[in-house]
Amino acid sequence: MRTIIPNDCREIDCFVIHFVHFLAMTLLTQNYMYIDSHAHLNTSEFDKTRDELIPNLFSSDIWVINVGVNYLSSIKAIQIAEKYSSGVFASIGLHPSNIKSDFTVKKYGAEGQEENKLEENFDLDKYQELAKSKKVIAIGEIGLDYWTSPKGETKKKEFKEKQIKIFNQQLDLAEKLNLPIIIHTRVSLDDTFDALKNRKLKGVLHCFIGDIKDAERFLNLGYFIGLNGIIFKAEMDELIKWVPLDRVLLETDCPYLTPPEFESEINNPFSLDIIAKKIAELKDVSIKEIKKTTIENTRKLFNI
Ligand SMILES: [Zn+2]
């Protein structure tokens, strides 16, 4: 997004094109002060407040990417985005915790609605059809979650293998559609890295938790790191000081992970300010710099 007017640009129309681009980018970074790169305004928690909340976000120059976790919540993310001409986008995918197994049925319940619904398999054709909407800008959230797993080695192995299989099917879809990915990884960094290392995809490790060594190998593959309210709970200070700002995206993961001191019952994209402030303090840079760079990163990754 950096605008450089080359020294050898002597043609007047070349100069005009660069100047217009420079002006447009300056206005955009002034207008759109934040982009929540990972929100779930498509969850039922927001059914009563969403139509009021989104215009309020626009008034404060906040854009939002709503992320699906299964087929129904992906459809809902698209429907919400399609209500607005700009500023709201959708990501579609099957979250590892929404994959149906004996274990997840017991843990989350089989009869869940919308974002709680479990899916036996990844239906590539159905999701590919959804991706025809111009509002779909990524595949996610997809990935691996070993935070809780069934007892017994055989069941554990089966549980992981099914997640890895469905993760790879969704990586295939992202490759096919040339879309970036939004990755969920919990207690599964090694297997996540193995799935990504030989692919030419771009994306973000959303809600990143890990140390510098963990982050470094994903940065080397070209991935971004998504930071949200978890930075107030996990030991992340050293990582935040170290990670290059041009590889960071801001996110809330709302309605989850409310940062401390956020004065709202349910987390929402307005809490980005609290997250940005903490990152600015740790990196010893201005909030303006955090906003400007993370907006550029998000626009570049998702091509928005
Ligand atoms: Zn999420």
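## Nonpolar core

A nonpolar core is here a set of buried Ala, Val, Leu, Ile, Met, Phe, Trp, Tyr and Cys residues joined through C-beta atoms within 7 Å. In this structure, which is a predicted model, the largest such core has 68 residues, and those with the most contacts inside it are V64, I139, I181, V204, I225 and L227. Strand 4 supplies the largest share of this core, namely 6 residues. In soluble globular proteins, nonpolar side chains tend to be buried together.

V204, one of the residues with the most contacts inside the core, can be followed further through its own surroundings. When neighbours within four places in sequence are left aside, V204 is in contact with S37, I182, I183, Y223, F224, G226, L249 and L301.

## Overall composition

The protein has 11 helices and 8 strands, and of its 304 residues, 39% count as buried. Among the contacts in the protein with a separation of 6 or more, 68% are accounted for by residues 24 or more positions apart.

## The sheet and its edges

The 8 strands form an open sheet with parallel pairing, and their order in the sheet is 1-2-3-4-5-6-7-8. Strand 1 (34-39) and strand 8 (248-250) stand at the edges, and because each has a single partner strand, one side of each is left without a neighbour in the sheet. From one strand to the next, the twist averages 30 degrees. Strands of a sheet pair through backbone hydrogen bonds, either parallel or antiparallel.

Is strand 1 mostly covered or mostly uncovered? Although strand 1 stands at an edge of the sheet, strand 1 is mostly covered, with 6 of its 6 residues buried. Its parallel pairing with strand 2 (residues 62-67) runs over 4 bridges, and within this pairing D36 has V64 of strand 2 as its bridge partner; V64 is also one of the residues with the most contacts inside the largest nonpolar core.

## Strands 3 to 6

Strand 3 (residues 88-92) pairs in the parallel sense with strand 4 (residues 136-145) over 3 bridges, where the bridge partner of A90 in strand 4 is V136. Strand 4 also pairs with strand 5 in the parallel sense, in this case over 5 bridges, and here G143 has H184 of strand 5 as its bridge partner.

Of the 6 residues of strand 5 (residues 181-186), 5 are buried, so strand 5 is largely enclosed by the rest of the structure. Strand 5 pairs in the parallel sense with strand 6 (residues 203-205) over 3 bridges; the bridge partner of I182 in strand 6 is V204, and I182 likewise appears among the contacts of V204 listed above.

## Crossover units

Where the connections between paired strands pass over a helix, the handedness of the unit can be stated. Strand 1, helix 2 (residues 50-59) and strand 2 make a right-handed β-α-β unit. A right-handed β-α-β unit is also made by strand 4, helix 6 (residues 153-177) and strand 5, and another right-handed unit of this kind consists of strand 5, helix 7 (residues 189-196) and strand 6.

## The two sides of helix 7

Which residues of helix 7 are buried? They are L189, A195 and L196, and because they cover an arc of only 125 degrees around the axis, they lie on the same side of helix 7. On the other side of helix 7, D190 and D194 are exposed. The buried residues of helix 7 pack against helix 6, strand 5 and helix 8 (212-220), and two of these elements, helix 6 and strand 5, also take part in the β-α-β unit that begins with strand 4.

## Two less buried positions

P55 is found in helix 2, the helix that joins strand 1 and strand 2 in their β-α-β unit. P55 counts as exposed because it has 10 C-beta neighbours inside 10 Å, the cut-off for this class being 12 or fewer. P55 and G87 are 32 residues apart in sequence, while their C-alpha atoms are 9.9 Å apart in space.

V285 is found in the loop between helix 10 (272-283) and helix 11 (287-302). With 13 C-beta neighbours inside 10 Å, V285 counts as partly exposed. Residues up to four places away in sequence not being counted, V285 touches A280 and I290. V285 and L245 are 40 residues apart in sequence, and 9.9 Å apart in space from C-alpha to C-alpha.

Terms used:
Residues numbered from 1 in each chain as written. Predicted model: local features only at pLDDT ≥ 70, side-chain atom pairs only at ≥ 80, totals over all residues. Pairing = 2+ DSSP bridges. Helix = DSSP H or I, 4+ residues; strand = E, 2+ residues; numbered from the N terminus. Axes fitted to C-alpha atoms, helices over the stretch in contact; angles between N-to-C directions. Buried ≥ 20, exposed ≤ 12 C-beta atoms within 10 Å, placed from the backbone. Right-handed = clockwise from strand over helix to strand, strands pointing away. Contact = placed C-beta atoms within 7 Å. Arc of directions from axis to C-beta.
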